[in-house]
Each structure stands twice: as C-alpha cells, then as structure tokens.
Amino acid sequence: LTRSEEKPSVGAIKNARHPFYEHCEEALGRIKQQGRYRTFTPLARQAERFPLYEEYVANMPEGREVIVWSTNDYLGMGVVPEVQDAAIAAIREHGAGAGGTRNIAGTSPLHNQLEAELAALHRKEAGLLFISGYVSNQASLQTILMSMPGWICFSDRLNHASMIAGIKGARGSQTVIFEHNDLQDLEAKLAAAPVDAPKLIAFESVYSMDGDMSDIGAICALARKYNALTYLDEVHAVGLYGQEGGGVSQRDGVADQVDIIEGTLAKGFGVHGGYITASAEIVDFLRSTASGFIFTTALPPSVVGAALASVRKVRAESWRRESLFERVHTMRQRLRAAGVPFTMTPSHIVPIPIGDAERCKRICRRLLVEFGHYATPINYPTVPEGTERLRLTPGPFHTDEMMDDMVRALSLLLREEGIIPEHVAHKAE
Ligand code: PMP
C-alpha cells in the first residue's frame, strides 16, 4: 500500500459528513428499536387549577384539560400565590437574571438569606446553593472525592445518576458499590477497606422509583464505626418529612449525625435549584473549590425569592405535609378497593407495577387519550427491565372525585391489558 492509500488525505475529508452524525443516526435507530426513544407530552400547567394541565396536541390550537398524577411538585408549592408573588417581586426589584456567577456580582441578599434558611431547616452551620439538585450532587461529590489522595466512596447501588456522575468523575478515587439498603453488605465492604483510607458513604433517604427508604441512623452508626463521612440525598424528602419538612433525617432525629445533607428546591418546595447543608468548613471548602458551583451564573433572583418564600411556608405549615399523606392514604384505599395492584411503600410514592415497557407505554397513552389522566411510564433504563411501572404521586390538590375517576380508568385499562384478572370483582368500599 502506498502512504496515500493507508490514510485518507486532508482533501478527502474536507467537507465530508462528520462521523458523529452517522453515530447519532445509528444510535437513535437502536434506541427506537429498543423502545427507549423519548418523546415529551407538551403539558401546560394551569397554576390556578393545579393539578389540571392543558395538553397540546400537534395541529390543535387549543389545549385539552388533563389531570396530572406524576408531578414532582409534591405539595403544589409552585402554584401557591405567595410563592409566585415572591418571584414576580424579585424580578421587579432585581431584574430577570442574576447577571453573573456568585463571585462576579451574582450574589444577592436573597441568595444569602436562602442559604441561611436551608442551614436552619437542617440544623447545619451553613448552606450552599447550586443551579440544580443534579449539579449539587455532581459537583459536591466530585470535588470532595478528589480533595485528598485515597478516597473510597461507598455508594448505594440505586443512587441517582447525579451522584454517580460526581463519584465516577472523581479521578483517582475508588468506588465501592454496596447492595441497595443492605447494611450487612455495607459493613462488610467498610471493614474490608484499609482502615486509614478517607471514606465517604453516599446514599438517599427516599429512593424515588421504588419509594423505599434507607435507615439513616444505622448507616450513620456504621459511618462512625469506620470513620466515614456521610452524604445524604434528601431530594424526594425535603418539605415532606420531619416536623418542619427537613426530610427523613429530621423525622428520624438523626440529621445531626449526617455530615452533608443535599436537597432540591424543585420538588417539595416547588421551585428550582439544589443545595447542600453541612458544617461551615465543608461548605466553605466547596464554595471555594467546586467547579460546578464557581463557574456558572447564579440562580436568578426570581427563583431564589420564590424558593425562600416556599421554604419558609413549608417549614411553618405542617398541614401541607399532613394533607399530602392523607391524600396518599386515600388513594391507596381506593386502589385497593378497586382491585388495582400497587406496591405498598413507606413513602408518598405509589408505584403501579406493569412489568413490560410496551404495555406500560400503551396504558399511559390510553389513560391520557381516553380518560384525560396523565401518568408517566417508568421504563428501562430508569428501572430494571421487567419492573416497568406507573409512578403516581398523589398530592394535597387531588380531590376525591379526581381519584375516583383515575381509579375507574386504571381498573378498566388494567383489566383490558390482562394485568388484573377478569374474575376479580370490584369491591365497593
Ligand atoms: N437526586 C435525586 C434522587 C433525584 O431524583 C433528582 C432528580 N429527579 C436529583 C437528585 C436532581 O435534582 P434536580 O431535579 O433539582 O436537578
């Protein structure tokens, strides 16, 4: 072979299609074939009529009213008038954006107040805001695990993708995955690690897809025994659990045993943004070293103002939490009475097992098109194949009538799909 045959010349690749386009085409074909191609239903939330949304279908100028059962705004805080007003007031007062990173003129008094409020909520010395819960996990874990040589991170097998991103991105550190919520496995792995290696245990309080919870106190006891730092994601728990909505660690009276509590402002608090709370040293360290905190524009004042109003309200108004759990209880009662199978969880999450991706998608589609109820199908890779499910998150805003209507629709569809055997009679309650 001549040299020119071995290697394409620059002339040959000039203006050629870049191989990445080919890659996208192939990958998308595969994803579609596997039923993993993502489409989003355009849903416009109706703030005054939450949880009613309008669904927009192509070529239809008007939206169609649907009831949403899959919102992560668990308490409906995003539509509370005082929270909306706080956002509007902050825009009027400070403008639409932060105008810079936290360091470059992007820190408003609202940012400082919100960080202090979050620290107080979790009884920690300090708090630090990030642009999302995802970034708070990714940036904090990566920065901590690259701070000293020899870190070993013990990570629950079902940890969220944002924690995994931070853990995997920490070059030079070692990761040990322990079986989900398995204290024996965790202890065996802690005991097998070098005694003097700096250790961190990363885990969640409420695992959002299964709705199960960790034993925070027991994990912290192991952490003390093996001198490990504890990093707890309370994203699906803040606002909902504990006397003031400080999460499961507050409910269980163990928040002081957790070194770093991470949360979101986007779910129980209904707004946007992520945060950690911890000792002043840890927060100070991350504030000065975490790339994902330093090199990005600060959260806009409207978001921070709304979040501050929301956190204050949620802390003070425990009736919102009580109402959520009453609604979840009622929904379970009605599902049970109608013979609709669901997984009983210790949390507010109500999974309805389907076990097949295509069926799961079809049921959700039919629920929406034929009955006007929206629930997201939860499929692989979010959950393992064969465990596909609907994930309902009933909230204070779902009325009895909405529940009856949804349960009727589910009961009918699940019978038609063979998930509920035909002979199971309706049990009226
Ligand atoms: N942690 C967990 C467990 C989550 O489920 C999520 C997102 N759904 C996040 C972190 C990220 O939070 P955010 O949506 O605020 O980025």
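In this predicted model, the sulfur of cysteine 153 has its closest cysteine sulfur in cysteine 220, 15 Å away, which is too far for a bond. Cysteine 153 is also buried, because its relative accessibility is 0%. A second cysteine gives a similar picture on a shorter scale: the sulfur of cysteine 360 is 5.0 Å from the closest cysteine sulfur, that of cysteine 364, and this too is too far for a bond. Cysteine 360 counts as buried because its relative accessibility is 0%. A disulfide is a covalent bond between the sulfur atoms of two cysteines. The cut-off applied here is a pair of cysteine sulfur atoms within 2.5 Å, and by this rule the count comes to 0 disulfides.

Attention can now turn to the ligand. Which residues surround the ligand? Its surroundings consist of Ser132, Gly133, Tyr134, Asn137, His160, Ser162, Glu204, Asp233, Val235, His236, Thr264 and Lys267. Sorted by class, this shell holds 7 polar, 3 charged and 2 nonpolar residues. Helix H7, which runs over residues 133–145, gives the most to the shell, with 3 residues.

Several side chains approach the ligand with polar atoms. In the side chain of aspartate 233, an N or O atom is 2.7 Å from a nitrogen atom of the ligand. The side chain of lysine 267 likewise places an N or O atom 2.7 Å from a ligand nitrogen. With threonine 264, the partner on the ligand side is an oxygen atom, 2.7 Å from an N or O atom of the threonine side chain. How much of the ligand's accessible area does the protein cover? On its own the ligand has 390 Å² of accessible area, and the protein covers 83% of it.

Two members of the shell, Ser162 and His160, are also in contact with each other: the side chain of serine 162 makes a polar contact of 2.7 Å with the side chain of histidine 160. Serine 162 belongs to helix H8, residues 161–169. Is serine 162 buried or exposed? Serine 162 counts as buried, because its relative accessibility is 1%.

On a wider scale, the unreviewed UniProt entry carries the annotation "domain: Aminotransferase class I/classII large", which covers residues 65–410. Over residues 65–410, helix makes up 44% of the chain and strand 15%. The C-alpha atoms at the two ends of this stretch are 18 Å apart.

Two charged residues are worth a visit. Arginine 415 sits in helix H17, residues 400–416. With a relative accessibility of 12%, arginine 415 counts as buried. A polar atom of the arginine 415 side chain lies 3.1 Å from the backbone oxygen of alanine 338. Lysine 124 has its place in a loop, between helix H6 (109–121) and strand E4 (126–130). Lysine 124 is buried as well, because its relative accessible area is 16%, under the 20% cut-off. Along the chain, lysine 124 and valine 238 are 114 residues apart, and their C-alpha atoms are separated by 15 Å.

The backbone has some details of its own. Most residues other than glycine have a negative phi, and most peptide bonds are trans. Against that background, the peptide bond from phenylalanine 50 to proline 51 is cis, with omega near 10 degrees. Proline 51 is located in the loop that joins strand E1 (43–45) and strand E2 (52–55). The bond from tyrosine 380 to proline 381 is cis too, again with omega near 10 degrees. Proline 381 is likewise part of a loop, here between strand E13 (377–378) and strand E14 (389–392).

Positive phi values occur at alanine 105 and asparagine 181. For alanine 105, a residue other than glycine, phi is near 60 degrees. Alanine 105 lies in helix H5, residues 102–106, and counts as exposed, because its relative accessibility is 71%. Asparagine 181, also a residue other than glycine, has a positive phi near 55 degrees. Asparagine 181 occupies the loop between strand E6 (174–178) and helix H9 (183–192). Its relative accessible area of 27% makes asparagine 181 partly exposed.

Conventions:
Residues numbered from 1 in each chain as written. Predicted model: local features only at pLDDT ≥ 70, side-chain atom pairs only at ≥ 80, totals over all residues. Heavy atoms only, no water. Near = heavy atom within 4 Å. Polar contact = N/O pair within 3.5 Å; in protein donor to acceptor, adjacent residues only side chain to side chain. Areas by Shrake-Rupley, 256 points an atom, 1.4 Å probe, with all protein chains shown as cover. Helix = DSSP H or I, 4+ residues; strand = E, 2+ residues; numbered from the N terminus. Buried < 20%, exposed > 50% of the residue type's maximum accessible area, 1.4 Å probe, protein only. UniProt positions renumbered as here; feature names shortened; annotations may be inferred.
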